[in-house]
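Open the model in your viewer and keep the selection tool at hand. This tour goes stop by stop, saying what to pick and what is there.

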Amino acid sequence: MKYDSQSFKLIKNDEIAKGIFDWTVKNSNLSSVAKAGQFVHIAVPGKTLRRPISICDADKDTLRLVFQVKGEGTQIMSQQKIGTYIDIIAPLGNGFKTEKGKRYCLIGGGIGVPPMLYTAKQTDNPLVITGFRNKELVILQEDFKKCGAELVLTTDDGTAGIHGFVTDVLKEKINEIDEICACGPIPMLKAIAQVAKEFNKPCQVSLEERMGCGVGACLVCACKVKQENGEEEYLHVCKNGPVFNAEEVVF
Amino acid sequence: MADLKVKIAGIEFSNPLIAASGTFGFGREYSEFYPLSVLGGISCKGITLKKRDGNPPPRIAETPSGILNAVGLQNPGVDHFIEKDLDWLKEQNTVVIANIAGNTEEDYCKMAEKLSDSNVDMIEMNISCPNVKSGGVQFGTSCESVGGITKAVRKYCKKPLIVKLSPNVSNIADIARSAESEGADAISMINTLTGMRIDINSRRPIIKNNTGGLSGPAVFPVAVRMVWQAYNAVKIPIIGMGGISTWQDAVEMLIAGASALQIGTVFFSDPYAPIKICEGLEKFMYENNIKSIAELTGSIKPW
């Protein structure tokens with residue numbers, strides 16, 4: 001059996017920035033070790049749908065999950081007490097494909113930053129570019145520094161780090177890297193994909209869409225991709241993704 | 001122990017729980033959680049004569065105790081289903097029901113003909129999909145159209161024929177009678193109720209299709225009422241569905257008049273729901289000295 005829903009004990013729940021919560025959950029029987037870029041599907045008490053959250057970091061028996069409160073479901077999640085058991089299906093999705101010997105540029109925008117931490121830990125000397133709207137929303141900077149990444153911080157309003165977009169930094173440093181992995185809002189991913197195309201660098205993007213089952217059965221989390229024969233079709237973020245080659249995504 | 005077996009139109013199910021169409025794909029994903037034989041049957045994702053891409057996203061929105069969806073029948077088409085999915089499904093030791101949806105009467109007839117030559121166990125005719133522009137629910141909202149399409153498809157359908165009814169009608173009893181009188185072997189009900197959610201900041205509907213089908217616990221009381229009304233109107237078996245999430249819901253739906261059950265939305269919160277519902281149902285029957293599901297069906301004592 002590839003999938004498993006299990007009880008994870010919540011052992012850490014801190015608000016690390018305004019409305020952004022940092023969970024660590026523990027389970028000694030994790031069916032398989034998560035890959036960078038995969039996600040988990042979290043049951044929320046009183047809610048019909050689970051909440052898909054990307055994996056920020058993983059160990060043999062723990063998962064670190066960083067999420068932003070956006071609605072009632074994530075609000076309920078943020079209020080869970082330490083010691084509570086959380087029903088989680090994990091890990092799900094395909095994840096980023098990384099190879100030894102390549103230098104990666106890992107780009108995260110806003111709440112798309114967390115999955116890049118685990119990705120950074122699986123790559124050698126990555127260039128990590130993190131972008132946020134403003135200084136209140138900046139997260140995980142120390143964690144990236146600790147794992148030896150070359151780290152760049154940008155904010156849209158200049159209240160922290162470089163005043164500008166992640167793509168400004170990417171263009172400047174494009175000759176220092178071999179491949180790009182990115183997660184964040186669609187306009188940002190679209191801009192990154194354009195830069196990647198212009199400079200002929202492979203680029204993987206992690207997409208988000210309103211999700212149902214999380215395993216590929218209900219077909220709600222559709223995203224349009226271009227096939228090799230040029231035809232466009234809807235694939236699904238949960239099963240075919242969340243990571244896609246930027247070239248095939250129809251933004 | 002209590003006997004959970006049920007028989008619908010001559011087909012035996014190991015238990016009354018059937019995965020509802022559209023929530024369970026063609027079974028492969030959930031077979032990674034447990035053997036599909038835990039289910040009495042599977043009603044496959046709705047298939048059309050030709051491949052369909054479905055609606056643009058977002059296709060889902062959460063609602064109080066439920067969800068709205070507008071997938072728009074994304075599927076690989078009937079031929080692909082027969083060639084690539086059916087043989088595998090038939091090896092899973094559960095009843096396989098093909099759910100068909102057409103744009104035209106001719107579509108339904110062609111699919112029924114193709115599937116009649118396959119080894120599928122039953123055919124469920126979906127005349128109640130609210131999320132496609134032509135066909136779907138337009139066949140399911142008047143007695144004339146339900147009777148007409150049932151009669152037409154019956155001619156081509158050599159498998160037991162289930163007609164899946166829409167709740168978006170004024171008199172469900174009359175609709176059920178129309179399906180029965182034109183040759184349906186069973187009816188399944190209810191499909192989703194048409195609904196809508198709007199983002200108050202953007203003033204945009206959350207679902208790109210604007211409207212979607214409401215399912216989940218929110219619709220359960222509507223489903224119970226309609227199954228009861230249909231049970232009083234027809235003699236053919238009713239497969240009850242609409243928001244069943246617990247074994248208590250399952251018992252309630254059987255008492256209202258269902259001979260078997262479909263579950264769908266509950267898979268999204270708990271993939272293991274069918275196992276838990278079966279355990280609860282069996283225990284309830286044992287404790288109340290109920291020997292078979294048939295004893296529960298329609299055992300309501302209305303005021």
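Two residues count as in contact if their C-beta atoms, placed from the backbone, lie within 7 Å. Keep that cut-off in mind for the first stop. The model is predicted.

**Stop 1: all of chain B**

Select chain B. Take its contacts between residues at least 6 apart in sequence: 72% of them join residues at least 24 apart. Colour by secondary structure, and 9 helices and 14 strands appear in chain B. The C-alpha trace of chain B spans about 50 × 50 × 40 Å along its principal axes. Chain B has a radius of gyration of 18 Å, which agrees with the value near 19 Å for a compact globule of 303 residues. Of those 303 residues, 57% count as buried.

**Stop 2: one residue inside chain B**

Now pick B:Ile123. You will find B:Ile123 in strand 8 of chain B, residues 122–126. Is B:Ile123 buried or exposed? B:Ile123 has 25 other C-beta atoms within 10 Å, so this residue is buried; the cut-off for buried is 20 or more. Show what surrounds the side chain. Leaving aside residues up to four places away in sequence, B:Ile123 touches B:Ala98, B:Ile100, B:Ala112, B:Leu115, B:Cys157, B:Lys159, B:Leu161 and B:Ile162. Then draw a distance to B:Phe139, 16 residues apart from B:Ile123 along the chain. The two C-alpha atoms are separated by 17 Å.

**Stop 3: a helix pair in chain B**

Select residues 220–231 and 247–256 of chain B. These are helix 5 and helix 6 of chain B, and they pack with their axes 8 Å apart, at an angle of about 25°. That angle makes helix 5 of chain B roughly parallel to helix 6 of chain B. Show the side chains where they meet. Helix 5 of chain B brings B:Phe220, B:Val224, B:Val227, B:Trp228 and B:Tyr231. Helix 6 of chain B answers with B:Asp249, B:Glu252, B:Met253 and B:Ala256. Sorted by class, this contact has 7 nonpolar residues, 2 charged and no polar ones.

**Stop 4: a four-stranded sheet in chain B**

Stay in chain B for an open sheet. Its 4 strands run in the order 5-6-12-11, with antiparallel pairing. Which strands stand at the edges? They are strand 5 and strand 11 (193–195) of chain B; each has a single partner strand, so one side of each is left without a neighbour in the sheet. Ignoring direction, neighbouring strands of this sheet are turned by 35° against each other on average. Zoom in on strand 6 and strand 12 (residues 212–215) of chain B, an antiparallel pair held over 3 bridges. Pick B:Asn69, and B:Gly213 in strand 12 of chain B stands opposite.

**Stop 5: where the chains meet**

Show both chains. How many residues does each chain give to the contact? Chain B gives 29 residues and chain A gives 24 residues. On the chain B side, strand 5 (60–63), strand 6 (66–69) and helix 7 (266–269) each supply at least two residues. The residues on that side of chain B divide into 13 nonpolar, 11 polar and 5 charged.

**Stop 6: all of chain A**

Hide chain B. Chain A has 5 helices and 16 strands. Its radius of gyration is 17 Å, close to the 18 Å of the globule rule for 251 residues, so chain A is as compact as a globular protein of that length. The C-alpha atoms of chain A fill a box of roughly 45 × 45 × 35 Å along the principal axes. Buried residues make up 50% of chain A.

**Stop 7: a seven-stranded sheet and its helices**

Next, find the open sheet of 7 strands in chain A, ordered 11-10-9-8-12-13-16 with mixed pairing. Strand 11 (162–163) and strand 16 (243–245) of chain A are its edge strands, each pairing on one side only. Strand 10 (residues 150–155) of chain A pairs with strand 11 of chain A in the parallel sense, over 2 bridges. There, A:Thr155 stands opposite A:His163.

Now add helix 2 of chain A. This helix packs on the sheet, touching strand 8, strand 9, strand 12 and strand 13 of chain A. Helix 2 of chain A (residues 114–121) is mostly covered, with 7 of its 8 residues buried. Among them are A:Met116, A:Leu117 and A:Tyr118.

Conventions. Residues numbered from 1 in each chain as written. Chains lettered and ligands numbered in written order. Predicted model: local features only at pLDDT ≥ 70, side-chain atom pairs only at ≥ 80, totals over all residues. Nonpolar A, V, L, I, M, F, W, Y, C, P; charged D, E, K, R; others polar. Rg over C-alpha atoms; globule rule 2.2 N^0.38 Å. Buried ≥ 20, exposed ≤ 12 C-beta atoms within 10 Å, placed from the backbone. Axes fitted to C-alpha atoms, helices over the stretch in contact; angles between N-to-C directions. Parallel < 35°, antiparallel > 145°, perpendicular 65-115°, else oblique. Pairing = 2+ DSSP bridges.
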